[in-house]
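Take a moment to look over the structure shown below, and then follow the description as it moves from the packing of helices to the surroundings of the ligand.

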Amino acid sequence: MSETAELKVGGQTLELNVIEGTEGEKGIDITKLRGQSGYITLDPGYANSGSCQSAITFIDGEEGILRYRGIPIEQLAAKSSFMEVSYLMIYGKLPTQIELENFSETISRHTMLHEDFKKMYSALPKDAHPMAACSTTVGALATFYPDSLDPRDMRQVEISAHRLIAKLPTLAAYAYKHSIGQPFLYPLNSLDYVGNFLRMMFGNPCEDYEVDPVVRNALDLLFILHADHEQNCSTSTARLVGSSMVNLFGTISASINALWGPLHGGANQSVIEMLESIHAEGSSARDYLERAKSGDESARLMGFGHRVYKNHDPRAKVIKKACDDVLERMGIHSPLLEIAKELEEITLKDDYFVERKLYPNVDFYSGVIYNAIGTPANMFTAMFAIGRLPGWIAQWKELHEDPAFKIGRPRQIYTGPNETDYTPMDQR
Ligand code: SDX
């Protein structure tokens, strides 16, 4: 006998089904609530509301657990690659060696852009934020590929997914090259996914570019750690926008914009700017934290706190360790990393942060690595987008493959004026 919930409302008692997930999470099914009672629920920010059932990613915020398709993030971080994780996200299983080779080969062959994209970039200001450039150019992919826009044609969806995963690093690198007035480098199919991106970002036509394996491995790890995260803001955007039956390119363009926000993926840029300002002012981590505790909005502790993780963010733990490894192997002493570690150390013992369960999230240490490999701060969120792209695609696909698919259209509680008449201009 499955569990039910009893709701006494409006003079009646409703019995609502309870849905239990494979990890024991329970949700009250309110799909018939308004029809049976005339009532809706209200949950601004959706902290208590599930939008879907999903088999892609599982998070236990209390235990600091994150798994992709059931596999713990720590194992994927230690043993997998971003290409393999992208396949896992999209196809729902780890690939065989042949499947991985074919997938990686297909992605390599789609990394080049239509030449007309150069004209698009030349129309953008030099200081265009890379996230604006990426959402613009990703949306424009729909104009270049009218042959693969049908969200219900499996083959068209697959080719769009391949094109997006292949081309986003090229689009992001070109946004950076445009901003520094350097020529675009065509992708090289002889390089792997991450090496190709590094060369397009930091190479130039005057000399050969040598991919540093330490940097390449660090970036591959960061992309793995960012690949998906349940129904976060930008993924919920992918589902809501995708539910209108718009094509995948238009959907991903919207998700890129959602990720750009400083409360979401944009936090990684804000974190490094916060660390740099503390360093530049010669201020101390403790002084900054006192300002953050005072509610000084200009001193919000970016990279801390999370809607779901009320314990540590497992990704932050992996990235923090990678910071030490990468910087040591690159022979870099980063004062920003020292400040970051001091901020974390103090907050772990400070009631203000402990009571509010504020721990470092994925954005807190990632910027230290991006900074160490020479990435400009305004490119950090574009790196996040490259990592998150397979997750957005997988969630969008799951939405379209759901037999219960319907367009997303939330209700509201109206609090405006009751019926009133139009006031003629001479009486206002
Ligand atoms: C990502 O959803 C995801 O999964 C996102 C993500 C993913 O992989 O997709 O994990 C990626 O976006 C990580 C989060 C990056 N954002 C930041 O680092 C920005 C700083 N953090 C926050 O603004 C905040 O913590 C959020 C937005 C992340 C979460 O906000 P919530 O869940 O709505 O919590 P809240 O803002 O209501 O905060 C709860 C309390 C409040 O205190 P009170 O007003 O109740 O006294 O904690 C305080 C907040 O004021 N608080 C902070 C704080 N974050 C929350 N105080 C100081 N510094 C902070 N960073």
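Helix 17 and helix 18 cross in a right-handed manner, in a model that, it should be said at the outset, is predicted. Helix 17 covers residues 362–372, and its axis comes within 10 Å of the axis of helix 18, the two crossing at roughly 110°. That angle makes helix 17 roughly perpendicular to helix 18, since angles of 65 to 115 degrees are counted in that class.

Helix 18, which spans residues 380–401, also packs against helix 11, formed by residues 248–260, and here the angle is about 135° while the axes lie 10 Å apart. Helix 11 and helix 18 are therefore oblique to each other, and helix 11 passes helix 18 in a crossing that is right-handed.

From the helices we can turn to the ligand, which is surrounded by 22 residues, the closest being His229, Leu301, His306, Arg315 and Arg388. The shell that these residues belong to is made up of nine nonpolar, seven polar and six charged residues.

Some of the contacts with the ligand involve the protein backbone: a backbone N or O atom of Leu301 lies 2.6 Å from a nitrogen atom of the ligand, and a backbone N or O atom of Gly303 lies 2.8 Å from one of the ligand's oxygen atoms. Arg307, by contrast, contributes a polar side-chain atom, which is placed 2.8 Å from an oxygen atom of the ligand. Taken alone, the ligand would expose 1000 Å², and the protein buries 74% of that area.

How values were computed
Residues numbered from 1 in each chain as written. Predicted model: local features only at pLDDT ≥ 70, side-chain atom pairs only at ≥ 80, totals over all residues. Heavy atoms only, no water. Near = heavy atom within 4 Å. Polar contact = N/O pair within 3.5 Å; in protein donor to acceptor, adjacent residues only side chain to side chain. Areas by Shrake-Rupley, 256 points an atom, 1.4 Å probe, with all protein chains shown as cover. Nonpolar A, V, L, I, M, F, W, Y, C, P; charged D, E, K, R; others polar. Axes fitted to C-alpha atoms, helices over the stretch in contact; angles between N-to-C directions. Helix = DSSP H or I, 4+ residues; strand = E, 2+ residues; numbered from the N terminus. Parallel < 35°, antiparallel > 145°, perpendicular 65-115°, else oblique. Left-handed = near helix turned anticlockwise from the far one by under 90°.
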